[in-house]
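Colleague: Could you take a close look at the charged side chains of this model and walk me through how they pair?

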Amino acid sequence: MSIVTLVSGGLDSTLVAKLAQEEGVRQHPLFIDYGQRARDRELAACRVAMSRLGLPEPSVAELGGYGRLIRSGLTDTSLHVLEDAFTPGRNMLFLLTAAAHAVQRDADAVSIGLLHEDTALFPDQTADFLKHAEAMISLCMGREIRVLAPLAQFHKQDVVALAAEKGIADTYSCHMGAEEPCGACIACNEFKFEEN
């Protein structure tokens, strides 16, 4: 089996790549440049993470025009990174691009680092979305392409704990793209959980 792993340089997608690696799955890491503010830091962290895991350098889908057209706090510095965070169609764009790449690489599936549905803030982060996306992708591609979400039963604290156990470090998960995480965007807020 081989998969296209969507990787962003963040903790979730790096853990997804590590888990697939441990299962012996051949991977084609793919980074999506959708015009996000944090593109440069994300891509740099992604390249370091894939190198440390001994995985191939990620291919880069240069789709920056998407973020110029579909403006959100993640793509436009004039908008608030938290209140305006919803980027309509973003995860479908990721999955569709990954699936097209999978067809060209003769891969069986695409993998995305979505967490437990309890944590979903947007409609494209749910199990229902993933099920329908998989059906639509298979229809578009003319053959079955599975959509995998290996962290779908995880909450952020589970991801943090397992990533630490696996030795994953130096990832980048802030939507602002500054050297130091802002502590206020959705990606940063996910790390604010109470330890049990």
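Modeller: In this predicted model, I would start with Asp12, Lys156 and Glu190, which are linked in a network of salt bridges. Within that network, Glu190 pairs with Lys156, and the closest N and O atoms of the two lie 3.2 Å apart. This pair links distant parts of the chain, since Lys156 belongs to helix H6 (residues 156-165) while Glu190 sits in the segment after helix H7 (186-189), 34 residues apart. Lys156 counts as buried because its relative accessibility, 5%, is under the 20% cut-off, whereas Glu190, with a relative accessible area of 29%, is partly exposed.

Turning to the rest of the chain, the structure holds 9 salt bridges, among them the one between Glu57 and Arg47, where the closest N and O atoms are 2.8 Å apart. Here too the pair links distant parts of the chain, with Arg47 in helix H2 and Glu57 in the loop between helix H2 (39-53) and strand E3 (59-62), 10 residues apart. Glu57 counts as exposed at 54% relative accessibility, while Arg47, at a relative accessible area of 36%, is partly exposed.

A further salt bridge joins Asp76 to Arg71, with 2.5 Å between the closest N and O atoms. In this pair the acidic partner, Asp76, counts as buried at 14% relative accessibility, and Arg71 is partly exposed, with a relative accessible area of 46%.

Note on methods: Residues numbered from 1 in each chain as written. Predicted model: local features only at pLDDT ≥ 70, side-chain atom pairs only at ≥ 80, totals over all residues. Heavy atoms only, no water. Salt bridge = Lys/Arg side-chain N within 4 Å of Asp/Glu carboxyl O. Helix = DSSP H or I, 4+ residues; strand = E, 2+ residues; numbered from the N terminus. Buried < 20%, exposed > 50% of the residue type's maximum accessible area, 1.4 Å probe, protein only.
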